[in-house]
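Work through the exercises below with the coordinates open, and attempt each task before reading its solution.

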Amino acid sequence: MIVISFFFALIFLLSWVGIESPFIYSGHRLRGGYVEGGPFGLFIGYYLILRYLVFEKFDRYTILFLILIIFSESKAAIIFMLFFYVIYLLIEGKLKIYNIFILLMMGSLFYLFINYYYNFNQRILSYWTEYNNIKYYISLRGDDDPSLVMGRIAAMHIAPNIIKDNPILGVGMGNYSLVRNNLDYLQGLPRVVGWDLSGLGGVFNTVIESGFVGLLILLIPFIYLWRKYNSKIIRHGIVLFFLAQIFGVQLYFQYIWFGLGLCFYLGIKNQSELKNEKNSH
């Protein structure tokens with residue numbers, strides 16, 4: 001992962017001297033092997049947190065991963081890491097005024113840095129404005145602009161209508177793209193021909209496609225495991241697994257399952273070692 005990260009950092013720097021690659025788009029935004037920078041930044045943020053949980057410290061490569069997140073211009077990754085840090089402090093019993101102050105200071109400095117270089121405020125405002133005035137912007141740009149009529153912004157209008165109509169069992173796994181063109185769900189938005197995904201993340205997609213029953217079925221084993229294992233790393237792993245999905249990662253992405261499995265392995269291993277030490281005495 002270190003070698004790959006250095007490779008992407010090099011690719012980004014080369015883009016500034018005119019060397020193009022499929023890993024860069026929209027001028028100088030790094031997307032790695034993803035379709036855009038947001039999911040790539042989330043992946044790097046997830047990996048950075050997972051490294052901390054496994055090694056229990058930040059090492060010299062932390063700066064490299066933070067630089068990649070900045071290069072990806074991923075808003076979700078930044079907010080995701082800040083949210084996880086707050087939950088981490090809660091689980092560790094360290095959510096004190098001092099830590100809250102440090103979080104606010106670091107978050108504010110990082111935010112100011114990102115906003116200065118990538119106009120973060122304007123991007124967030126643009127999302128909000130387009131969401132609230134989506135029909136107006138479609139009339140300006142036409143109904144073939146995928147950033148408006150497909151993906152996350154459109155789904156924030158369509159998904160609530162689907163959930164309202166199918167709250168218990170949803171519309172079936174994988175069926176969002178099939179039913180999203182229903183006129184009752186579109187409510188004036190144009191139909192699309194391409195295969196559209198909501199981009200809202202695994203938790204929201206579970207509610208859309210499997211209903212609240214499906215979400216409950218997904219949560220039950222994790223609630224059981226949370227109560228069974230009094231292990232902080234296991235609980236951090238569960239939080240990391242679901243929080244990443246809230247910020248856009250899909251349930252079928254392999255890396256969140258790998259991270260979850262690693263946290264469970266380390267947590268169960270630690271508990272077994274502690275139990276063996278007690279028995280030996």
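The exercises that follow concern helix packing and nonpolar cores in this predicted model.

**Exercise 1.** Determine how helix α2 is oriented relative to helix α4, and which residues form their contact.

*Solution.* Begin with the geometry: α2, spanning residues 37-55, packs against α4, spanning residues 75-92, at an angle of about 25°, and their axes are 8 Å apart. Because angles under 35 degrees count as roughly parallel, α2 is roughly parallel to α4. The handedness comes next, and α2 passes α4 in a right-handed crossing. Turning to the residues, α2 contributes Gly-41, Leu-42, Gly-45, Tyr-46, Leu-48, Ile-49, Tyr-52 and Leu-53, which meet Ala-76, Ala-77, Phe-80, Met-81, Phe-84 and Tyr-88 of α4. Sorted by class, the contact of these two helices has 12 nonpolar residues, two polar residues and no charged ones.

**Exercise 2.** Identify the members of the largest nonpolar core that touch the most other members, and state which helix supplies the largest share of this core.

*Solution.* The largest nonpolar core has 53 residues, of which Leu-30, Tyr-46, Leu-53, Phe-80, Phe-84 and Leu-240 touch the most other members. At least two residues of this core come from each of α1, α2, α3, α4, α12, α13 and α14, and the largest share, 10 residues, is supplied by α2.

**Exercise 3.** List the contacts of Phe-84, leaving aside neighbours within four places in sequence.

*Solution.* With those neighbours set aside, Phe-84 is in contact with Ile-49 and Leu-53, and also with His-236, Val-239, Leu-240 and Leu-243. Apart from the largest core lies another, of 18 residues, including Ile-134, Ala-159, Val-171 and Ile-208.

Terms used:
Residues are numbered from 1 along each chain as its sequence is written. This is a predicted model: local features need pLDDT of at least 70, side-chain atom pairs count only at pLDDT 80 or more; totals for chains, interfaces and linings use all residues. Side-chain values use heavy atoms; hydrogens and water are left out. Axes are lines fitted to C-alpha atoms, for helices over the stretch in contact, and angles run from 0 to 180 degrees between N-to-C directions. Helices (H or I, at least four residues) and strands (E, at least two) are DSSP runs, numbered from the N terminus. Angles under 35 degrees count as roughly parallel, over 145 as roughly antiparallel, 65 to 115 as roughly perpendicular and the rest as oblique. A crossing is left-handed if the near helix is turned anticlockwise from the far one by less than a right angle, and right-handed if clockwise. Contact means heavy atoms within 4.5 Å. Ala, Val, Leu, Ile, Met, Phe, Trp, Tyr, Cys and Pro count as nonpolar, Asp, Glu, Lys and Arg as charged, and the others, Gly among them, as polar. A nonpolar core is a set of buried Ala, Val, Leu, Ile, Met, Phe, Trp, Tyr and Cys residues joined through side-chain atoms within 4.5 Å. Buried means under 20% relative accessible area, exposed over 50%, partly exposed in between (1.4 Å probe, protein chains only).
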